[in-house]
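Let's take a walk through a two-chain model together. Have the viewer open and follow along from the core outwards.

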Amino acid sequence: MSASILFDTPGPKARRRILAVNIVGALIALGIVAWIVLGLAAKDQMQPSQWDDFIEGSTWKNYLLPGLWNTTKAAVLGIIGSVIFGLIFGVGRLAQNKLINGISTVIVEFFRAVPVLLMIVFFNVFFSRSLQLSGDTAMWAVVAALIFYNGSVVAELVRSGVHNLPKGQREAGIAIGLTRGMSLRHIEIPQALVAMLPALIGQFVVILKDSALGYIISFNELLFFARTYSSPNGNVLQALIVAAAIFIIINFTLSKIAVIVSRRLSSRVKKEKNAPAGPAAAIVGAPAGLDVPAPQDPSDPKA
Amino acid sequence: MENYLSIFTEYDIPGAFWVNIQLTFWAAIGALVLGTILALLRISPVGSFQALGTSYVNLIRNTPLTIIILFCVLALYGQLGFVLSSDFQGNFFRLAVLGLAVYHAAFVCEAIRSGVNTVPLGQAEAARAIGLSFLPAARLVILPQAFRGAIVPLGNTLIALIKNSTVAAVGSVATESSSVMKTMIEFRADIVIPIFLTFAVGFVIIVIPVGLLTTWASKKLAVAR
């Protein structure tokens with residue numbers, strides 16, 4: 001709170017006032033929770049029989065875990081696919097060849113603007129009817145849609161990651177005789193990938209959430225199983241809350257990992273900044289007359 | 001070609017997009033109001049308010065929109081009998097708007113908060129140094145800069161909302177574009193790809209101007225620092 005832009009560090013009077021408001025706020029928060037719980041109870045939704053299904057092993061074994069497995073499968077395939085798609089078209093957008101650049105730009109901008117649900121519905125019919133594919137076409141439709149949308153987002157991450165690198169990185173690559181493409185592959189992309197890692201993990205959360213759209217085309221994912229399980233038992237509300245809780249726990253963990261990674265990266269950058277103290281000291285100690293270029297400030301690889 | 005053109009007379013495609021725009025419009029208003037309140041809670045110096053705002057954002061942002069809209073229709077309406085309109089179809093529409101607004105409010109809150117975070121601390125210190133008290137400082141110095149910083153994230157949220165309005169299909173809003181497209185490609189298996197491209201280009205036409213407008217506005221109103 002001390003670093004808040006709108007509020008000065010509170011004095012004794014303000015602290016008392018904040019404490020009073022704090023208590024009121026806590027009461028409001030408790031009131032909201034109580035209102036929800038009592039409201040549900042008044043509507044006969046807090047019966048133990050409606051909730052204890054979800055602590056039984058068989059519900060998990062037959063419905064929730066298979067659903068979670070399918071959700072994970074689609075999400076992991078979507079993540080792998082969109083990273084590959086993103087690398088290809090991200091590099092394509094950085095290409096100097098106007099044709100490759102143009103095609104990549106059109107593809108990335110197009111798929112970023114089309115709703116994922118529209119693609120899922122299309123691919124589902126396209127795979128099963130037009131291409132007559134067998135197997136779990138619903139899952140492949142979800143995976144394909146996730147790859148096209150999130151791959152385009154990753155392509156933009158790659159592009160902005162490379163753009164945010166200091167110019168010196170490419171210049172150094174070219175100075176030691178690399179071509180543009182080699183400097184991109186060996187010097188710029190690896191650094192951009194590290195810098196974009198937190199944003200990439202954030203995108204995984206989006207992929208996981210969007211996999212639930214497969215519900216619409218009856219893809220057997222977590223939400224679909226939660227719904228099929230609860231419909232005959234009359235506890236859809238409870239099942240949706242449990243499914244949401246599972247998603248929240250996984251996504252919250254992923255977001256926390258992203259924060260930790262980004263903190264690690266920024267501390268790494270700080271270390272790199274201090275690192276040249278050694279070589280710089282050595283240079284200072286170099287024999288006079290030897291023309292040593294002044295040590296440059298190490299570039300900041302963080303996007 | 002004639003085969004393809006017949007879909008425009010058989011189905012009301014502009015009407016389907018109009019439903020999406022209406023969903024977006026009402027949900028955007030709801031999300032803006034709720035999101036601003038949440039942002040105020042999160043930037044207040046009161047611990048319990050902050051906790052309230054933070055838990056809302058963390059819970060809603062990590063839940064799939066599909067579950068939220070399904071919850072509105074199946075749980076709120078189906079199981080609890082919560083009704084927003086006496087008209088059967090209108091009720092589903094309003095429930096979908098409610099779900100969209102609740103979901104995007106979390107993102108609006110974060111957009112506004114990130115706008116406030118772009119204002120350097122020195123601005124507030126300077127405002128106090130020239131004798132402005134809390135309200136004038138906020139109104140004259142901090143918030144004008146904060147709103148400008150929030151243009152880009154707010155624009156991105158609006159674009160996401162336009163695209164996410166198709167998820168209203170889960171909430172039994174059968175007149176919006178993804179439901180209409182689903183019906184169309186199931187009946188016209190011969191022209192699946194042209195139908196998809198028609199709808200996809202429709203969204204590109206709606207979304208890209210919003211993106212360009214956001215970029216233009218953010219550059220035009222950028223705070224020189």
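Leaving aside its neighbours within four places in sequence, which residues is Ala145(A) in contact with? The partners of Ala145(A) are Val116(A), Met119(A), Ile120(A) and Phe123(A), where contact means that two C-beta atoms, placed from the backbone, lie within 7 Å.

A word on conventions before going further. This is a predicted model, in which local features need pLDDT of at least 70 and side-chain atom pairs count only at pLDDT 80 or more, while totals for chains, interfaces and linings use all residues. Residues are numbered from 1 along each chain as its sequence is written, and chains are lettered from A and ligands numbered from 1 in the order in which they are written.

**The core**

Ala145(A), Ile120(A) and Leu240(A) are the residues with the most contacts inside the largest nonpolar core, which has 142 residues. Such a core is a set of buried Ala, Val, Leu, Ile, Met, Phe, Trp, Tyr and Cys residues joined through C-beta atoms within 7 Å. A residue is buried if 20 or more other C-beta atoms lie within 10 Å of its own, exposed if 12 or fewer, and partly exposed in between. Helix H5 (residues 88-117) of chain B gives this core its largest share, 18 residues. Helices (H or I, at least four residues) and strands (E, at least two) are DSSP runs, numbered from the N terminus.

**Chain B as a whole**

Chain B has 10 helices and 0 strands. Its C-alpha atoms fill a box of roughly 70 × 45 × 25 Å along the principal axes. Of the 225 residues in chain B, 44% are buried. Among contacts between residues at least 6 apart in sequence, 74% join residues at least 24 apart in chain B.

**Helix H8 of chain B**

Is H8(B) mostly covered or mostly uncovered? H8(B) is mostly covered, with 10 of its 14 residues buried. Those buried residues include Ile151(B), Leu154(B), Leu158(B) and Lys163(B). Their cover includes helix H2 (13-43), H4, H5, H7 and H10 of chain B. The end C-alpha atoms of H8(B) are 20 Å apart, which agrees with the 20 Å that its 14 residues should span at 1.5 Å a residue; the expected span is 1.5 Å times one less than the number of residues.

Leu161(B) sits in this helix, which covers residues 151-164. Leu161(B) counts as buried because 22 other C-beta atoms lie within 10 Å. Not counting residues up to four places away in sequence, Leu161(B) touches Thr24(B), Ala27(B), Ala28(B), Ala31(B), Leu100(B) and His104(B). The C-alpha atoms of Leu161(B) and Leu74(B) are separated by 22 Å, with their places 87 residues apart along the chain.

**Where the chains meet**

Contacts link 47 residues of chain B with 43 residues of chain A. On the chain B side, the elements giving two or more residues include helix H3 (47-61), helix H9 (177-187) and helix H10 (192-220). That side has 33 nonpolar, 10 polar and 4 charged residues. Here Ala, Val, Leu, Ile, Met, Phe, Trp, Tyr, Cys and Pro count as nonpolar, Asp, Glu, Lys and Arg as charged, and the others, Gly among them, as polar.

H10(B) takes part in two helix packings, one within chain B and one with helix H5 (residues 116-130) of chain A. Axes are lines fitted to C-alpha atoms, for helices over the stretch in contact, and angles run from 0 to 180 degrees between N-to-C directions.

| Helix pair | Angle | Axis distance |
|---|---|---|
| H9(B) and H10(B) | about 170° | 10 Å |
| H5(A) and H10(B) | about 175° | 10 Å |

H9(B) is therefore roughly antiparallel to H10(B), the class for angles over 145 degrees. H5(A) and H10(B) are roughly antiparallel to each other too. This contact between chains involves Leu118(A), Phe122(A), Val125(A), Phe126(A) and Ser130(A) of H5(A), and Val192(B), Phe196(B), Phe199(B) and Ala200(B) of H10(B). Its residues divide into 8 nonpolar, 1 polar and no charged.

**Two serines in loops**

Ser218(A) has a positive phi near 55° and lies in the loop between helix H9 (197-211) and helix H10 (222-233) of chain A. With 11 C-beta neighbours inside 10 Å, Ser218(A) counts as exposed. Ser172(B) has a positive phi of about 60°, in the loop between H8 and H9 of chain B. Ser172(B) is partly exposed, because 19 other C-beta atoms lie within 10 Å.

Key
Angles under 35 degrees count as roughly parallel, over 145 as roughly antiparallel, 65 to 115 as roughly perpendicular and the rest as oblique.
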